[in-house]
Amino acid sequence: MNKIYFVGAGGIGMANLVRYFLKHGAAVAGYDRTPSALTSELEKEGAVLTFSDSRTEIPESFRDPEETLVVYTPAVPESNDILSYFRENGFEVVKRAALLGKITESTDAICVAGSHGKTTTSSMIANILRNADAGCTAFLGGILRNTGSNLVLDEQSRFSVIEADEYDRSFHHLHPHIAIITSTDPDHLDIYGDEEHYLEAFSIFTSLIRPGGTLITHTGLKYRPDVKDGVSVQTYSGGAEGDWHAEDITFGEGRITFTLVGPGGLRIEGIRPGVPVEINIDNAVAAAAAALTAGATPEEVKAGLASFMGAKRRFEIWRDGSNHIGAPVLIDDYAHSPNEVKNSIRSVKKLYPGKKLTVIFQPHLYTRTRDFAPDFAEALSEADCVIMPEIYPARELPIPGVTSHMILDSVKSSEKIYCERKDLLNLIKNSNFEILMTLGAADIDRLLPDINEILSRR
């Protein structure tokens with residue numbers, strides 16, 4: 001197929017495939033619900049996009065089923081008119097995950113799965129390998145700030161780095177050579193129903209690792225690996241446990257330094273992750289283990305981790321408060337599960353001890369709010385002040401009785417405020433902050449340029 005139409009083209013996981021096929025000379029068109037900075041970049045790179053859900057918007061040149069492959073994301077509802085047109089008229093219509101699966105068949109794929117940590121870990125691996133002799137092509141679930149893109153392309157490398165998404169069992173399409181599992185905190189119970197079936201999905205994922213491959217799994221996870229004969233199973237952690245782990249950890253002067261310990265007596269001293277937050281010790285250990293298994297040298301690993309600038313929306317520091325005494329700090333993080341939220345808040349408090357932390361948390365999905373409201377409330381209670389707008393629905397319809405107040409009413413912080421998203425900027429204009437942190441997988445990040453501008457005037 002020399003023409004590809006993407007339904008849901010502006011999603012972060014779809015955009016890397018849009019870029020991949022544009023780089024390979026294919027004609028690319030697509031639909032997304034709303035314009036964004038990312039869709040504007042895709043249009044500049046050559047994609048023809050529409051933001052109207054009408055089959056009349058499909059370009060004439062993409063209406064031949066013999067020439068056009070259609071790729072969609074499960075986030076797009078089945079009622080979508082454009083998607084319906086392609087299905088009704090004999091086009092080959094495949095999930096994004098199935099297309100990624102084809103790519104992993106023809107490469108030595110390093111696939112990173114987990115309920116949290118997978119974007120940062122896969123981005124770290126990509127940053128190490130792209131600057132190493134091994135090289136890689138990487139499909140990331142966030143924008144790697146080192147490159148300004150969620151695609152790393154190296155036609156000569158045999159390695160691909162894939163963020164393995166468990167939503168809708170998408171990662172069951174992949175064929176890993178090296179697989180990492182960072183965490184298995186229950187999520188997406190609208191798909192899996194309960195924790196047992198969620199954990200089972202990770203077991204199935206491990207069964208897809210090729211013979212001769214490697215599973216690198218965080219210590220203490222509940223799922224049971226189910227690997228083929230000939231697959232090496234190794235454990236890791238950011239502490240003292242695991243085949244791969246960290247020792248001699250020090251914090252100071254805005255830096256984290258540690259020694260990586262690996263199988264066979266391996267020791268790499270003086271590792272300094274470029275984004276110095278505590279959770280990145282775990283992520284750096286996993287990334288280093290995968291890169292070394294893929295053939296990177298200790299020197300390449302140290303350099304790649306040190307130069308790592310992070311992925312956008314993964315503990316992204318917009319303002320560090322260093323420009324003058326009393327200047328506010330602004331941090332954004334994609335954390336959208338209770339453990340992620342708790343870890344993000346604790347990391348900020350460790351970086352800025354004694355300062356008042358205000359968190360704006362935008363709940364993502366009605367089902368996730370319904371299923372984990374008490375856990376979110378407990379995690380958010382570690383902030384000094386919590387501001388919460390209405391739930392961001394994404395692909396879902398409202399559920400009666402499920403609102404942000406299911407979380408906010410149980411938050412135990414000394415201050416808590418409900419504020420609709422449309423009123424957030426006015427609230428921020430009339431407030432003072434020491435540290436302001438935006439959290440969640442919704443669209444809160446679209447307000448960040450305006451928030452940053454407001455704080456810059458303080």
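Is Phe202 buried or exposed, and at what relative accessibility? In this predicted model, Phe202 counts as buried because its relative accessibility is 0%, and the cut-off for that class is under 20%. The residue is a useful way into the structure, but the chain as a whole comes before it.

The protein chain holds 14 helices and 21 strands. Its 458 residues would give a radius of gyration near 23 Å if they formed a compact globule, and the value for the chain is 22 Å, which agrees. Along the principal axes, the C-alpha atoms fill a box of roughly 65 × 55 × 45 Å. Of the 458 residues, 56% count as buried. The contacts can be described by sequence separation: among those between residues at least 6 apart in sequence, 64% join residues at least 24 apart.

The surface and the charges complete this overview. About 18,500 Å² of the protein chain is exposed, and 48% of that area is supplied by carbon and sulfur atoms. The chain carries 45 positive and 63 negative charges, and the mean positions of the two sets are 4 Å apart.

Phe202 leads next to the aromatic residues. The count of aromatic pairs comes to 13. One of them joins Tyr198 and Phe202: the ring centres are 5.2 Å apart and the planes stand at 70 degrees, so the pair is edge-to-face. The class follows because planes over 60 degrees apart count as edge-to-face. Both residues lie in helix H7, which spans residues 195-206, and they are four residues apart, about one turn of the helix. Tyr198, like Phe202, has a relative accessible area of 0% and is buried.

Phe202 also pairs with Tyr223. Here the ring centres are 6.4 Å apart and the planes are at 50 degrees, so the pair is tilted. Whereas Phe202 belongs to helix H7, Tyr223 sits in the loop between strand E11 (214-218) and strand E12 (232-236), so this pair ties together parts that are 21 residues apart in sequence. Both Phe202 and Tyr223 are buried. The two pairs belong to a wider group, since Phe171, Tyr192, Tyr198, Phe202, Phe205 and Tyr223 form one aromatic cluster.

Strand E9 is the next stop. Ser160 is found in this strand, which covers residues 159-164. At 1% relative accessibility, Ser160 counts as buried. Leaving aside residues up to four places away in sequence, Ser160 touches Thr107, Asp108, Ala109, Ile110 and Thr137.

The loop between E9 and strand E10 (178-181) contains Arg169. Arg169 is not a glycine, yet its phi is positive, about 60 degrees. With a relative accessible area of 34%, Arg169 is partly exposed.

Leu365 also has a positive phi without being a glycine, with a value of about 85 degrees. Leu365 is placed in the loop between strand E18 (357-361) and helix H11 (366-380). Its relative accessibility is 1%, so Leu365 counts as buried.

The loop between E18 and H11 also holds His364. What is the burial class of His364 at 13% relative accessibility? His364 counts as buried, because the class takes in values under 20%. Beyond residues up to four places away in sequence, His364 touches Tyr392, Ala394, Ala441 and Ala442. The separation between His364 and Phe159 is 205 residues in sequence and 33 Å in space, C-alpha to C-alpha.

Two further residues provide reference distances. Pro400 is in the loop between strand E19 (385-388) and helix H12 (405-408). This proline is exposed, with a relative accessible area of 77%. Pro400 and Tyr366 are 34 residues apart along the chain, and their C-alpha atoms are separated by 9.4 Å.

Asn343 is found in helix H10, residues 338-351. With a relative accessible area of 27%, Asn343 is partly exposed. Between Asn343 and Met1 there are 44 Å from C-alpha to C-alpha, at a separation of 342 residues along the chain.

Conventions. Residues are numbered from 1 along each chain as its sequence is written. This is a predicted model: local features need pLDDT of at least 70, side-chain atom pairs count only at pLDDT 80 or more; totals for chains, interfaces and linings use all residues. Side-chain values use heavy atoms; hydrogens and water are left out. Helices (H or I, at least four residues) and strands (E, at least two) are DSSP runs, numbered from the N terminus. The radius of gyration is taken over C-alpha atoms; the globule rule is 2.2 Å times the number of residues to the power 0.38. Buried means under 20% relative accessible area, exposed over 50%, partly exposed in between (1.4 Å probe, protein chains only). Contact means heavy atoms within 4.5 Å. Accessible areas come from the Shrake-Rupley method with a 1.4 Å probe; for residues, only the protein chains shown count as cover. Lys and Arg count as positive and Asp and Glu as negative; His and the chain ends are not counted. The place of a charge is taken as NZ of Lys, CZ of Arg, CG of Asp or CD of Glu. Rings of Phe, Tyr and Trp (its six-membered ring) pair if their centres lie within 6.5 Å; planes under 30 degrees apart count as stacked, over 60 as edge-to-face and the rest as tilted.
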